[in-house]
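Trainee: I am new to this structure. Can you show me how to read its main features?

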Amino acid sequence: MIRKKIKEILQSGQTGSQVLVKGWVRTRRSSKNVNFIALNDGSTIHNLQVVADSETFDEEFIKDINTSASLAVTGELVESKGSGQNVELIAKTIEIYGKADPEKYPIQPKKHSLEFLRENAHLRFRTNTFGAVFRIRHAMAFAIHDYFNRKGFFYLHTPIITASDAEGAGQMFRVTTLDAKNPPLTEDGSIDYSEDFFGRPTNLTVSGQLEGELGATALGEIYTFGPTFRAENSNTSRHLAEFWMIEPEMAFYDLKDNMDLAEDFLKSLIIYALENCQDDLKFLAARLKEEEKGKPADQQSMDLIEKLRFVAENDFVRLTYTEAIEILKNSNPYKKKKFQYPVEWGVDLQSEHERYLVEKHFKKPVILINYPKEIKAFYMKQNDDGKTVAAMDVLFPQIGEIIGGSQREEDYGKLVARMEEMHIPAEEMWWFLDTRRYGTVPHSGFGLGFERFILFLTGMGNIRDVIAFPRTPKNAEF
Ligand code: 4AD
Ligand code: MG
């Protein structure tokens, strides 16, 4: 008999056919004559109800069918008499692949805290919440490739090990094969990296952008989608040390084209999720409601699906950094000294400021442009005012910054001058500067933090719960 996935069985709803299903037990209820087994195979959030009567399967056999035991079941699909499902499987044969000791199995069939599940991240996929999150995460990865493919962008695999610090923030993980206890030293006593594997200091990349620019200035439009690494000691619900970033880079795009693409991209992904991940989104929406039950009405978030529709259907607000500072200075939390961080022209906006603009002031996603050059990376296009650069950050409710990007400085002289001001060694970046030396063009790009986007989509509260195995300070178990 050919095995069928539970998703397919429930969708087709065909009764009368003989099927083979394989999966893990979520729960078992037993009465005198009959046992009900909720079986899940990961293909969908829904379980298949397996009915095993006590005549065919004796008590001794049934007692091993506990939560998380793995089974192969054959039988006939019939219309279900019980509520909650249309079809159920009347079991003819059951094979137990692996038992799961109910005394020891950590994930009991009850509500566990997300913190507890994080400590059991190796098993949390077996819960409804994490099943839903990771099916959605998969669907979004697919939708991203599909989106760019349809638009004629090429997927470029930029390196993970690199000798350059793209963002100039210096928060990188060193990659080395030198003996930590006894490294080779130069005459002045510093570590001699010429002896290292690559003959120079290398790190895990913080961004694929610089190599992406090389691709875009020949292929036209490219995107990267890969892991990126930041060694910043941030223990927040929105920071990971290892996260996935999508970085499109486009020749002949100015800042406006860049904003238009970012907005269309985000909206298209949300629409894809609404159309293709309904069951999982419905489950997560209900989970969020349950979670916020006790909260006062003004602290409860919008229904998850309503929120996604709202963002997909409304224009994002676009304004300059300078305008945003004005709004913040006139805001109630500023006047009442409720912001933890200072607000004045020149400071980097903190998540509390970003969220005020999005959640309280505009009640819509916001694209902020033209930031002070001092707080942005060296490669951004310098505006004529001499003070700002053509940066753009997309700010989302609950998240704050979800996208960071800019038009790039295409003028060789201006770029080199800025690098000098920022003490970035131009001679090491000769390969990057060649794009400006030979046939330079206006171009732009941005980076979407994949996990921040999944956080937004799923309504989860902590970024550690939307990546399979989170890497954060002092945490690399599993
Ligand atoms: O704003 P960032 O640092 O921009 C860049 O790296 C550019 N090179 C992108 C480009 O223009 N091609 O990072 C981009 C996005 C942020 O907006 C955020 O969503 C995410 O990456 N991000 C993080 N996500 C999780 N954990 C972290 N530590 C993150 N740092 C940035
Ligand atoms: Mg940024």
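Mentor: Start with the core, and keep in mind that this is a predicted model. In soluble globular proteins, nonpolar side chains tend to be buried together. Here the largest nonpolar core has 68 residues.

Trainee: Which residues touch the most other members of that core?

Mentor: They are Met140, Ile270, Phe396, Ile402 and Phe453. Helix H4, residues 128–151, gives the most to this core, with 11 residues. A second, separate core has 35 residues, including Met172, Leu210, Leu395 and Leu415.

Trainee: What does Ile402 touch, leaving out residues up to four places away in sequence?

Mentor: Its contacts include Leu266, Val394, Phe396, Arg452, Phe453 and Phe456. Gly447, Leu448 and Gly449 are touched too.

Trainee: Now the strands. How do I read a sheet?

Mentor: Strands of a sheet pair through backbone hydrogen bonds, either parallel or antiparallel. This structure has an open sheet of 8 strands with mixed pairing. The order is E6-E10-E11-E16-E15-E14-E13-E12.

Trainee: Which strands stand at the edges?

Mentor: Strand E6 (154–155) and strand E12 (317–320) do. Each has a single partner strand, so one side of each is left without a neighbour in the sheet.

Trainee: How many bridges join E15 to E16?

Mentor: Strand E15 (400–407) and strand E16 (443–449) are joined by 5 bridges and run antiparallel. Ser406 stands opposite Gly445 in E16.

Trainee: Is Phe197 buried or exposed?

Mentor: Phe197 is exposed, because its relative accessible area is 61%. The residue lies in the loop between strand E8 (174–175) and strand E9 (202–204). Together with Ile160, Ile161 and Phe198, Phe197 makes a nonpolar surface patch of about 390 Å².

Methods
Residues are numbered from 1 along each chain as its sequence is written. Chains are lettered from A and ligands numbered from 1 in the order in which they are written. This is a predicted model: local features need pLDDT of at least 70, side-chain atom pairs count only at pLDDT 80 or more; totals for chains, interfaces and linings use all residues. Side-chain values use heavy atoms; hydrogens and water are left out. Patches are made of residues with over 30% relative accessible area and no salt bridge: like charges are joined within 9 Å, nonpolar side chains (Val, Leu, Ile, Met, Phe, Trp, Tyr) within 5 Å. Accessible areas come from the Shrake-Rupley method with a 1.4 Å probe; for residues, only the protein chains shown count as cover. A salt bridge is a side-chain nitrogen of Lys or Arg within 4 Å of a carboxyl oxygen of Asp or Glu. Helices (H or I, at least four residues) and strands (E, at least two) are DSSP runs, numbered from the N terminus. Buried means under 20% relative accessible area, exposed over 50%, partly exposed in between (1.4 Å probe, protein chains only). A nonpolar core is a set of buried Ala, Val, Leu, Ile, Met, Phe, Trp, Tyr and Cys residues joined through side-chain atoms within 4.5 Å. Contact means heavy atoms within 4.5 Å. Two strands pair if DSSP finds at least two bridges between them.
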